Amino acid sequence: MGFASPAVDALRTPAKVSAIDERTRRALAAIPSVNEVLQHPLIEDALESLPRQVVVDSVRATLDGLRRDVLGGRLTVPPSVDELASAAEAAARARMRRTLRRVINATGVVLHTGLGRAVMGAEAAAAAADVISSHSNLAIDPETGRRGSRDTHVAHLLTYLTGAESATVVNNNAASLMLILNTIAEGKEVVVSRGELVEIGGSFRLPDVVRRSGAILREVGTTNKTHLRDYQEAITENTAALLKVHQSNYKIVGFAQQVGLEDLVRLGHRHGLPVVEDLGSGALVDLSAYGLPQEPMVQASVRAGADLVCFSGDKLLGGPQAGVILGRCELIEALKRNPLVRVLRCDKVTVAMLEATLRLYMDPETVVQRIPPLRILTRSPVEIEAKARALLSLLSAQARERLAASVEPATSEIGGGSLPGEELPTYVLALRPQDVDADALARWLRTRDLAIYPRVSKDAVLFDLRTVLNGEVEEIAATLNALVASGGVLA
Ligand SMILES: *Cc1c(COP(=O)(O)O)cnc(C)c1O
């Protein structure tokens, strides 16, 4: 490629050359050429597995950096060719290393946004693989051969499973809300309770999304209490919709009250206004039947008469990142006519994975076992404890002692804005090593080729076995045994 570097220009300009002292001139002359470094055995090795262009660019960048250091007086004796080759090789490998990779989630947070939220099963993976390497009937009508709708693959499943009249999907649930409000309330008011103005993970704040959609936020009630009459008094001819938002990641306890969806629907319909519910996570399966706290059910919102209901694809549903929107036919049709749909539409891989996920819900007898987040949430403490003990038993005697490993009861969080404030009983493998601080050990674990994300609590590194998948117990044990055998971060 060859690019002019300031260092090289400096050498070419006679006035500047004369400004360089003798020692610098000698150091510059000692820098090997690109070709010399390229012939080093380390680099020849690297060329076997890395693109030539990347290796050549790394060598050039390394030599340019060296020249700048010499000219800047930061270096008087250039490193050996061995050292230069090794630095260039490391830079080339770093550039080509895959950065988005599988990790082991030992945080116990079932829907961890930083770790990719829902894990999907083999069905979703197979469906994605099927449409990736060949053409698919993503958006075509087989009868006419003309353009069709990508929604057809999931809408029939969604309406069957929820009782909704119609359905569509977009890129995520934030997009659902944006599309809904922009379509039905642009330039008009949307009434929302002050107790429901949520912020989710910083980048999603309900008031900001409402504003960006072009709608005007009309807040009613107070933080802890909102009454039906508060909504009623806010309705004017400029009102476009009533919006109810699930308090995904917080709870207001004590002297608190929100208006139920049924009452809101009755009020809205009396005034000819659509009622929208953002469920956030939304569950299609009643988790209380498995001893878990109840998360609002999608079917219940549809039954209560909400005109539009939206929720995430990758929270409790256990599918890909997507925003699912259910509702009355004419409203869904209006959403689909909005030009924003072109901006917010899902990719074919998402549609494939969502269809595969929804198909698993068609059999209520097996769904909890086949949707990973549901299976992980409903794991019994007995099963988790057995996994923790299996992990402990796979550690070498040396590792057990050096890391002061033990199995302990603890609690896991659900995450992903689902079941706020609820904690599930779990078991952890706790490490309390004497000679390394818990944060340093956790950092070491997170920066391995196969990264492990544990939880740090005071002086301990905790591996919550709830979220550790099959086969990963052995991998954690191998990493810890290797750490102790090699010394690693241990003093
Ligand atoms: C999580 C959540 C969202 C955002 O959903 P994404 O799929 O992450 O875009 C919106 N509203 C509520 C109430 C949520 O809990």
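**Cavity, pocket and ligand**

User: In this predicted model, how many cavities of 30 Å³ or more does the count come to?
Analyst: On a 1 Å grid over the protein atoms alone, a cavity is a set of points where a 1.4 Å probe fits but cannot get out. This is a predicted model, in which local features need pLDDT of at least 70, side-chain atom pairs count only at pLDDT 80 or more, and totals for chains, interfaces and linings use all residues. Residues are numbered from 1 along each chain as its sequence is written, and side-chain values use heavy atoms, with hydrogens and water left out. By the cavity rule, the count of those of 30 Å³ or more comes to one.

User: What is the volume of the largest cavity?
Analyst: Among the residues that line the largest cavity, with an atom within 4 Å of a point, are M120, E123, T357 and R370. Both α8 (122-132) and α17 (348-360), which are DSSP runs of H or I with at least four residues, supply at least two residues each to this lining. Taken as the space filled by probe spheres set on the points, the volume of the largest cavity is about 40 Å³.

User: Between which domains does the second largest pocket lie, and why?
Analyst: A pocket is an open set with protein on both sides within 12 Å along at least five of seven lines, and the second largest one has a volume of about 480 Å³. Of the 24 residues lining this second largest pocket, K244, H246, Q247, E277 and P296 are the closest to its centre. Because two domains both give residues to its lining, the second largest pocket lies between domain 2 (103-111 + 376-490) and domain 3 (122-367).

User: Which residues come nearest to the ligand?
Analyst: There are 13 residues around the ligand, each with a heavy atom within 4 Å. Helix α10 (173-185) and strand β8 each supply at least two residues of this shell. Those that come nearest are R117, S248, D278, S312 and K315.

User: What share of the ligand's accessible area does the protein cover?
Analyst: A polar side-chain atom of D278 lies 2.6 Å from a nitrogen atom of the ligand, while a polar side-chain atom of S312 lies 2.6 Å from an oxygen atom of the ligand. A backbone N or O atom of N173 also lies 3.0 Å from a ligand oxygen atom. Of the 380 Å² of accessible area (Shrake-Rupley method, 1.4 Å probe) that the ligand has on its own, the protein covers 94%.

Definitions and conventions. Domain bounds come from an automatic or database domain assignment. A polar contact is a pair of N or O atoms within 3.5 Å; within protein, one must be able to donate a hydrogen and the other to accept it, and residues adjacent in sequence count only if both atoms are side-chain atoms.
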